[in-house]
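This report describes selected features of one protein chain for a reader at the bench. Please consult the sequence and the structure shown below while reading.

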Amino acid sequence: MKTLQVMRSLILLIHVVVCLLLIGGGDSRKVFKLSEEKSESESTFEYNAISCRAHSASLTDFGGVGDGKTSNTKAFQAAFNHLSQYSTQGGAQLYVPAGKYLTGSFNLISHFTLYLHKEAVLLASQDPQEWPVLKPLPSYGRGRDAPGGRYASLIFGTNLTDVVITGDNGTIDGQGEFWWNKFHSKKLQYTRPYLIEIMFSTNVQISHLTLLNSPSWNVHPIYSSNILVQGLTIIAPVRSPNTDGINPDSCTNVKIEDCYIVSGDDCVAVKSGWDQYGVSLGMPTKQLVIRRLTCVSPYSAAIALGSEMSGGIEDVRAEDIVAIDTESGVRIKTAVGRGGYVRDVYLRRMEMHTMKWAFTMSGDYGSHADDGYHKKAFPEIKGIHYRDVVADNVTMAAKLEGIAGHPFTGICMSNVTVGLAAKAKKQPWSCADIEGVASGVTPTPCDLLQCYTVMIRVRVMLLVVAVIFLWMLYQ
Ligand SMILES: *[C@@H]1O[C@H](CO)[C@@H](O)[C@H](O)[C@H]1NC(C)=O
Ligand SMILES: *[C@@H]1O[C@H](CO)[C@@H](O)[C@H](O)[C@H]1NC(C)=O
Ligand SMILES: *[C@@H]1O[C@H](CO)[C@@H](O)[C@H](O)[C@H]1NC(C)=O
Ligand SMILES: *[C@@H]1O[C@H](CO)[C@@H](O)[C@H](O)[C@H]1NC(C)=O
């Protein structure tokens with residue numbers, strides 16, 4: 001009997017040690033390392049001062065008219081043609097004075113600043129002639145609204161270095177209703193334009209602007225590096241289709257901070273290409289910092305990772321995030337066929353009010369570019385950390401559903417308090433095909449986050465050891 005008691009306490013002790021190791025050891029050490037690395041890379045971030053261009057001109061010098069009716073597309077083009085000569089001579093700034101400037105899509109140049117006066121408004125044209133059509137993005141293989149090409153974004157830039165789009169909180173109004181109606185009535189020949197898209201570029205700053213009513217996504221840096229997005233106010237009706245706020249896509253070294261976003265889709269959606277197209281391009285989004293973001297998005301997420309993540313997403317740090325009346329706080333979306341990975345995601349200090357789910361993960365998002373996706377391209381979701389989170393008026397704490405046979409692993413939650421709504425679901429957690437640990441989480445998390453599988457394994461192992469031990473003892 002005595003031996004049995006000793007065995008019992010031994011088993012209990014080993015349980016506790018294993019759990020402590022899982023919670024306090026491996027995971028958190030990794031977390032601290034991550035944040036140290038990050039702060040080093042932050043201190044080496046450097047951007048050219050926005051006022052530091054050798055040459056400056058006003059849109060009106062090139063025939064710009066701010067009456068809200070005259071098209072300024074040609075004035076912008078003339079300005080860029082003239083100012084591009086200064087790119088090797090200290091760079092240039094184009095100033096947009098107070099007024100309403102109707103314009104179609106235009107292309108930026110390198111070593112350049114576009115500066116909007118606080119009462120300057122760029123109004124996006126609704127004349128399709130004003131929007132050139134581009135080829136689909138290589139990592140997507142097709143347009144999102146239609147199989148073929150896509151309209152160039154209102155402000156477009158490709159193969160650039162050192163570009164600043166800023167102002168004294170001036171406004172860019174996408175007048176998106178025209179496009180949303182076409183989208184709903186399925187009358188789009190090409191994919192809707194974004195408001196700002198920068199491709200194959202480096203050293204880009206988009207800051208201190210108000211973006212209204214984008215036809216589709218608002219800010220889309222893709223295949224680029226060293227991006228700073230700062231101080232943006234982004235507003236679109238909460239029912240408008242696909243009006244994502246900021247979508248870093250196959251980009252390295254991105255910082256998004258001090259933004260306020262109300263939108264009809266995800267406030268920040270991290271992406272890296274779609275199915276076989278994203279896999280073959282293989283360009284991840286990595287070294288991403290999101291901080292001091294306030295989001296209102298009743299039908300989507302504050303921060304989404306995916307669903308197009310086929311090039312991989314890694315090393316994401318988010319902190320001081322506020323979500324109000326938003327469907328979910330952080331959402332990882334993927335599907336069989338995506339391939340790629342989402343790993344080393346670290347979120348801390350998030351506050352949520354009135355949510356459907358604080359956290360979601362879905363492994364069955366579907367939505368394929370075409371039927372050519374690899375049926376065995378399983379995404380790897382690993383190392384997802386959430387801590388210091390407080391939420392109230394939440395319908396369900398979390399819905400975490402991985403892929404059968406390919407579970408999402410290393411999910412770690414600590415110090416998470418979810419206050420449920422009066423009309424909350426009876427089951428606050430729904431978990432399947434995930435593995436992880438939770439510590440200091442209320443309401444009590446699902447079994448899969450409670451060292452459950454590990455404990456079963458440890459128990460079986462100990463039982464075998466105990467049997468052998470007893471057998472030897474009584475021989
Ligand atoms: C821009 O850069 C990409 C990638 O380096 C290259 O494939 C493309 O041809 C370039 N486009 C232009 C217009 O120079
Ligand atoms: C910028 O303008 C928007 C819309 O008017 C406003 O809500 C926001 O507070 C302004 N931002 C700053 C920093 O002044
Ligand atoms: C809680 O959420 C519901 C919607 O789910 C909303 O109607 C209600 O106003 C919220 N209550 C508070 C106190 O925010
Ligand atoms: C838990 O999270 C809350 C909210 O972010 C924070 O105020 C508190 O300090 C955290 N507690 C610990 C022990 O880290």
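Which residues of helix α2 (residues 73-83) are buried? In this predicted model, the buried residues of α2 are A75, F76, A79 and L83. These residues lie on the same side of α2, because the arc they cover around the axis is only 100°. An α-helix has 3.6 residues a turn, so residues three or four places apart point the same way. The partners of this buried face are strands: the buried residues of α2 pack against β1 (55-58), β3 (92-96) and β4 (99-103), as well as β5 (106-107) and β6 (112-116).

**Parallel strand pairs**

Further along the chain, strand β14 (residues 202-212) takes part in several pairings. Strand β11 (residues 161-167) pairs with β14 in the parallel sense, and within this region I165 has I206 of β14 as its bridge partner. Strand β12 (residues 170-173) also runs parallel to β14; here I172 is bridged to L211 of β14. Strand β16 (residues 225-235) is likewise joined to β14 in parallel, and V204 finds its bridge partner in I227 of β16.

Another set of pairings involves strand β24 (residues 408-420). Strand β23 (residues 380-401) runs parallel to β24, with T409 of β24 as the bridge partner of K382. On β24, S414 has its bridge partner, S439, in β26; strand β26 (residues 434-442) pairs with β24 in the parallel sense.

The table lists the number of bridges for each pair.

| Strand pair | Sense | Bridges |
|---|---|---|
| β11 and β14 | parallel | 4 bridges |
| β12 and β14 | parallel | 4 bridges |
| β14 and β16 | parallel | 9 bridges |
| β23 and β24 | parallel | 9 bridges |
| β24 and β26 | parallel | 7 bridges |

**The surroundings of S250**

S250 is located in the loop between β16 and β17 (252-262). Is S250 buried or exposed? S250 is buried, because 28 other C-beta atoms lie within 10 Å, whereas 20 or more suffice for a residue to be called buried.

Which residues does S250 touch, not counting residues up to four places away in sequence? The contacts of S250 beyond that range are S139, I222, Y223, S272, G273, M283, P284, T285 and G311. The C-alpha atoms of S250 and S225 are 8.9 Å apart in space, and the two residues are 25 residues apart in sequence.

Notes:
Residues numbered from 1 in each chain as written. Chains lettered and ligands numbered in written order. Predicted model: local features only at pLDDT ≥ 70, side-chain atom pairs only at ≥ 80, totals over all residues. Pairing = 2+ DSSP bridges. Helix = DSSP H or I, 4+ residues; strand = E, 2+ residues; numbered from the N terminus. Buried ≥ 20, exposed ≤ 12 C-beta atoms within 10 Å, placed from the backbone. Contact = placed C-beta atoms within 7 Å. Arc of directions from axis to C-beta.
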